[in-house]
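Q: Please take a close look at one part of this structure and describe it in one connected answer. Begin with the term that the description rests on, then follow the chain segments involved.

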Amino acid sequence: MKGMPTLLVLLLAGCVRTPDSSPVQREDESIQFPDFHERFAITVGKPGDIYTLDGVTLRAINVVADDFIPPDSTDLPCWRKREAHSFRIIRQGDIIFVSVSTTPGYCRLGYGLLDYGAKYAVRTDGRILRRSFGGPGGDLFSLPPPDAGEPDSAYAVDSSLVGSTLLGRQPPPDAGMDGGSSPPDAGLGTPAGAPRAELELQDIQYDGENLSGRLLIGAAGGRLRLDKRLIENVSVNVHSVRECATGLPPTYVHADSFPPPPREKDLLVLEPGSWYGARIHLWLFSQAHGHPGPDCIDVGLTIDDAEHQPLGMLTVRATRSPQKTP
Amino acid sequence: MNPLTLARTCLLLTAWGCSSQRNIDPDIVRPAPGAPFLEKIPGPMLGPFTSYSDALMAACNKILRKPAATTGREDQHDFATRWRYATEYCAWIYYTPDRKYVVSKLTDQSRVDPALRYKACLLPSVVEDPRYPPDSIKYIYALHNHPYPHTLSDKDIEFIAEQGEMHGLTADTKDGPLRLSIIAFFSNKTVEPTCDGFHQYIPISGHIRTWTRTPRQWECRQTGLVRWLNQTEFSVERFDRPCASEDAP
């Protein structure tokens, strides 16, 4: 860390990166979400009535709950727990559209959860076809629904009906790996357009705990303003770690750094066609805490400029070597 | 991370998310590591203003220029990466006993998804301005930014409806009764973002509106009408037509 005074916040068991939740698979960006509030939903679960809920729909809800809601933990605030959520469902052909958010009034909160929630398109076999978290695409109300006929049904389900005891937490069938051919961040897609910087990590070393290498940054489309210190967890961030063999995310260390702001001499304007390089060191696994690293990992890195705006992403593969990194 | 360097650092364990406090911005409040989410937001950050529209525009420009407040449009460069690191900020505009409009401080207590997939902002229901008794503050606009010019979410609509029950659906001001509403600012730019527009939902009328800035003036379109079946269930009729001429934010 280049010897600077740094306050590091370590987050181990409670802050091991949640897996990107989904198995590695590309999403179907042609799917547009229907309007979940086009009309009032029929509430399933009202006392005094009799309901049926088919297993296919129940599985879709379970898949969404597993993907969106963190595993149950006593540390979670009320509204992050599974039972605090509701699901709105619209079925169109063999796609079950599910909107998940908190149940109004279930938790007594002194704050509002603006924009909390997500929408999913789940095939009847349990595979997630598309997610929308309010950002990239998917729910443009002016666009027609997919060519799957009229909605068969629209209803809302309180999550008390879909507790983990009832549904279990197994991954959906047919939602396995695709052989690792997709990038680790396939769920969100790759950045649109040309990157602002060319990125490369050379001389990669990995000892089962630490990953190091020489990071090269090239100005691609215009001038870049860099913090030359390339501080890990500030300018260089780990956004995903996956085992090479399985594509699954292992438990790894999430660290945050709080360095002093850059001084003038720390800043560098990189002209187009120029490169800058510095060695980086990332602590990913802790044998001492019972989380040794796999032998081979694919690590996704994001690199930010001096204003903390993203320059681009870089995925590197590292294989454990017997030598310790410096 | 060099293990030797690590040994010299101060290690803290925290139970609350993977938040970063690397930049201490006096405009922004957030809970201490391990502390629960804030239930009161302090004021003021901006103001006082004699006009609610001045307060609104000042807040829009302030919020959208905060780090990572905007991703730009979906077809813009690096959208997915920008989305991943986008931040929502939220605040209140309130009316004070001395007949002024004030913008509270911002909070960005929003990093609730360790995988950085979705964005949310946890807006406290109560403003705490030490200059005024709590009951003397009147709530006008619940503010936040949408990093992407996306319409209001279900939770936006539910939240402001709940706030109407708590604070009242209208507030008597020197400008007459003002209707409580929720605002989502957006910008189409990522570099030096400008206040390009905002979505608004007004519970007392049920109207959802979208305001966009044209070179000459602001344009208002009515884009939806919310109908409530009961306290929790609502539907939204969506359309697109000009707002009534007498409309103001």
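A: A disulfide is taken here as a pair of cysteine sulfur atoms within 2.5 Å. By that rule the structure holds four disulfides over all chains. This is a predicted model, in which local features need pLDDT of at least 70, side-chain atom pairs count only at pLDDT 80 or more, and totals for chains, interfaces and linings use all residues, while side-chain values use heavy atoms, with hydrogens and water left out. Residues are numbered from 1 along each chain as its sequence is written, and chains are lettered from A and ligands numbered from 1 in the order in which they are written.

In chain A, A:Cys78 is bonded to A:Cys107, with 1.9 Å between the sulfur atoms. The torsion about this S-S bond is -80°, and the link of A:Cys78 and A:Cys107 is left-handed. A:Cys78 sits in the loop between helix 1 (55-68) and strand 3 of chain A, and A:Cys107 in the loop between strand 4 and strand 5 (111-114) of chain A, so the disulfide ties together parts that are 29 residues apart in sequence. Helices (H or I, at least four residues) and strands (E, at least two) are DSSP runs, numbered from the N terminus. The two cysteines are covered to unlike degrees: A:Cys78 is partly exposed at a relative accessible area of 31%, whereas A:Cys107 is buried at 12%. Buried means under 20% relative accessible area, exposed over 50%, and partly exposed in between (1.4 Å probe, protein chains only).

The loops that hold A:Cys78 and A:Cys107 adjoin strand 3 and strand 4 of chain A, respectively. Strand 3 (residues 85-92) and strand 4 of chain A pair in the antiparallel sense over eight bridges; two strands pair if DSSP finds at least two bridges between them. Within this pairing A:His85 is set opposite A:Thr102 of strand 4. Strand 3 and strand 4 of chain A make a hairpin that has two residues between the strands, and in this hairpin A:Gly93 takes a positive phi near 60°. Strand 4 of chain A (residues 95-102) is mostly covered, with eight of its eight residues buried. In a regular strand the side chains alternate between the two faces of the sheet. Strand 4 of chain A also pairs with strand 6 (residues 118-123) of chain A, antiparallel over six bridges, and there A:Ile95 faces A:Arg123 of strand 6.

Strand 4 of chain A leads on to the cavities. A cavity is a set of points on a 1 Å grid over the protein atoms alone where a 1.4 Å probe fits but cannot get out; its lining residues have an atom within 4 Å of a point. There are four cavities of 30 Å³ or more, and the largest cavity holds about 330 Å³ of space. The lining of the largest cavity has 29 residues, of which A:Lys119, A:Gly134, B:His150, B:Ser153 and B:Asp154 are the closest to the centre. At least two lining residues each come from strand 4 of chain A, strand 6 of chain A and helix 4 (154-167) of chain B. Strand 4 of chain A supplies the largest share of this lining, at three residues.

In chain B, a disulfide joins B:Cys60 to B:Cys195, with an S to S distance of 1.9 Å. With 100° about the S-S bond, the link of B:Cys60 and B:Cys195 is right-handed. B:Cys60 belongs to helix 2 (residues 52-64) of chain B and B:Cys195 to the loop between strand 13 (181-186) and strand 14 (197-202) of chain B, so the link ties together parts that are 135 residues apart in sequence. Both B:Cys60 and B:Cys195 are buried.

Another disulfide of chain B is formed by B:Cys90 and B:Cys121, their sulfur atoms 2.0 Å apart. The torsion about the S-S bond of B:Cys90 and B:Cys121 is about -80°, so this disulfide is left-handed. The pair links distant parts of the chain, 31 residues apart: B:Cys90 is in strand 5 (residues 90-95) of chain B and B:Cys121 in strand 8 (residues 121-124) of chain B. B:Cys90 is buried, with a relative accessible area of 0%, and B:Cys121 is buried at 0% as well.

Helix 2 and strand 5 of chain B recur in the largest nonpolar core, as do strand 4 (46-49), strand 6 (101-103), strand 10 (138-145) and strand 13 of chain B; each supplies at least two residues. A nonpolar core is a set of buried Ala, Val, Leu, Ile, Met, Phe, Trp, Tyr and Cys residues joined through side-chain atoms within 4.5 Å. The largest core has 31 residues, and those with the most contacts inside it include B:Leu56, B:Ile93 and B:Phe185. Helix 2 of chain B gives the most to this core, with seven residues.

Technical notes
On a 1 Å grid over the protein atoms alone, a cavity is a set of points where a 1.4 Å probe fits but cannot get out, and a pocket is an open set with protein on both sides within 12 Å along at least five of seven lines; lining residues have an atom within 4 Å of a point. Grid points are joined across faces, edges and corners, and a volume is the space filled by probe spheres set on the points.
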